[in-house]
Number of protein chains: 2
Amino acid sequence: MKRTKRERQTALKESINENPFVTDEELSAEFDVSVQTIRLDRMELSIPELRERIKHVAVRTFEDEVKSLPIDEVIGEIIDIELDEKAISIFDVKPEHVFQRNQIARGHHLFAQANSLAVAIMNEDLALTVKSELQFLRPVKAGQRIVAKATVIDRQPEKNRAFVKVVSTVDQVTVFIGTFEMYRMTEQSEGEAG
Amino acid sequence: MKRTKRERQTALKESINENPFVTDEELSAEFDVSVQTIRLDRMELSIPELRERIKHVAVRTFEDEVKSLPIDEVIGEIIDIELDEKAISIFDVKPEHVFQRNQIARGHHLFAQANSLAVAIMNEDLALTVKSELQFLRPVKAGQRIVAKATVIDRQPEKNRAFVKVVSTVDQVTVFIGTFEMYRMTEQSEGEAG
DNA sequence: CCCGCTATTAGCACTTGGTACTAATATCAG
DNA sequence: CTGATATTAGTACCAAGTGCTAATAGCGGG
């Protein structure tokens, strides 16, 4: 026997959250109350009906699928670029980018933003990373916005190489520094993997 | 006027595939036939009804989400691990991991595999990357399997530091080498971001 | 021109998982 | 005991179907 209405509604919310595919009837059995009570509860909590819940999940997926491909091409959003000179991108850290335990952004996302900016700054169709040195200076948490600034610091055209330095900040505080040795592909595919 | 039944059914299949959220009524308008005809078509093509279609999309997401969290937690699949000593993971490069133009894997995926392996090898709940040096030696293409081997090469317990070297190979050929300076978090959250 | 065949359309009963609403009953507090 | 709140019951109705039967349309052959 569940006690109060409040308790039941809290549990109900959780239960539906955990499994949006549950019907009112199943819930009524779970909480040992009538279907009508479940419905009243859902109304008070403004939880939509089963089919609407499923639809929302489905729509979300569907949109995610459509969106995720282009987003993957450049990690973060480039807001300014001067080819072969400098470039800036921003990246908003969301819950899916952090470790569950401590909410700290996983390193590869910082790297990904910096590396794709380094690729983008190269005034060439195909640029690959050859070497890289990274410093993770401060943890970044979900909700923060990372601003990455890339600068070409050296050019070696005869060797098809360029050196790019990327400094990432959150609220003007430097959180990451990376240097990238980039290779300009001409017609071959030798050199590296990134 | 659409011509044959065959043509209509082909178009129908495509239309539903593109937008699973369409009702029979909307389809009947689109193809200028009766709702019943649409239903007969769906039966012949064994296309389930709207609500079932939506459910499938939703279930897929849901399962993906449940799966993707652990998957995201470690990039690649760990196949062997001796904490504080060495670890091995594999990562299958899929089309979504490569540049469209040249099919070469983007650097941050190689980094992500190596970095998460370095995090995993640390015999501690919370480990963060402080510094890193990377060499991308050869391009990796879609369809290839990257085997990453991580080894702890130095320990500095007094400074909460450990140094991990990761060598990634494809068919026994080294494609990537990375060294990671790792920080063991005790109770603070200072140090870095990955 | 009618026969046979497929394709299409129509109509009805029924299903799920609800909403919206009304009304009765239970429970508990003052 | 009275009132307020909570719960249950019951009805009509809806969307988007399934399942089934039956009527009709169109066309090709003989």
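This passage looks at the aromatic rings of the protein and at its surface near DNA strand D.

The model is predicted, so local features need pLDDT of at least 70 and side-chain atom pairs pLDDT 80 or more, while totals for chains, interfaces and linings use all residues. Residues are numbered from 1 along each chain as its sequence is written, chains are lettered from A in the order in which they are written, and side-chain values use heavy atoms, without hydrogens and water.

Over all chains, the structure holds 7 aromatic pairs (rings of Phe, Tyr or Trp, the last by its six-membered ring, with centres within 6.5 Å; planes under 30 degrees apart are stacked, over 60 edge-to-face, the rest tilted). In one of them, the ring centres of Phe111(B) and Phe180(B) lie 5.9 Å apart with planes at 45°, so this pair is tilted. Phe111(B) belongs to helix H5 and Phe180(B) to strand S6 of chain B, 69 residues apart (helices, H or I, are DSSP runs of at least four residues and strands, E, of at least two, numbered from the N terminus). Phe111(B) is buried at 0% relative accessible area, and Phe180(B) is buried at 1% (buried is under 20%, exposed over 50%, partly exposed in between, with a 1.4 Å probe and protein chains only).

Turning to the DNA, 14 residues surround strand D, and Arg8(A), Ser34(A), Thr37(A), Arg42(B) and Arg51(B) come nearest (near means a heavy atom within 4 Å). Of the strand D atoms within 4 Å of the protein, 74% are sugar and phosphate. A backbone N or O atom of Ser34(A) lies 2.8 Å from a phosphate oxygen of strand D. Bases are approached too: a polar side-chain atom of Arg51(B) lies 2.6 Å from a base nitrogen of this strand.

Definitions and conventions
A polar contact is a pair of N or O atoms within 3.5 Å; within protein, one must be able to donate a hydrogen and the other to accept it, and residues adjacent in sequence count only if both atoms are side-chain atoms.
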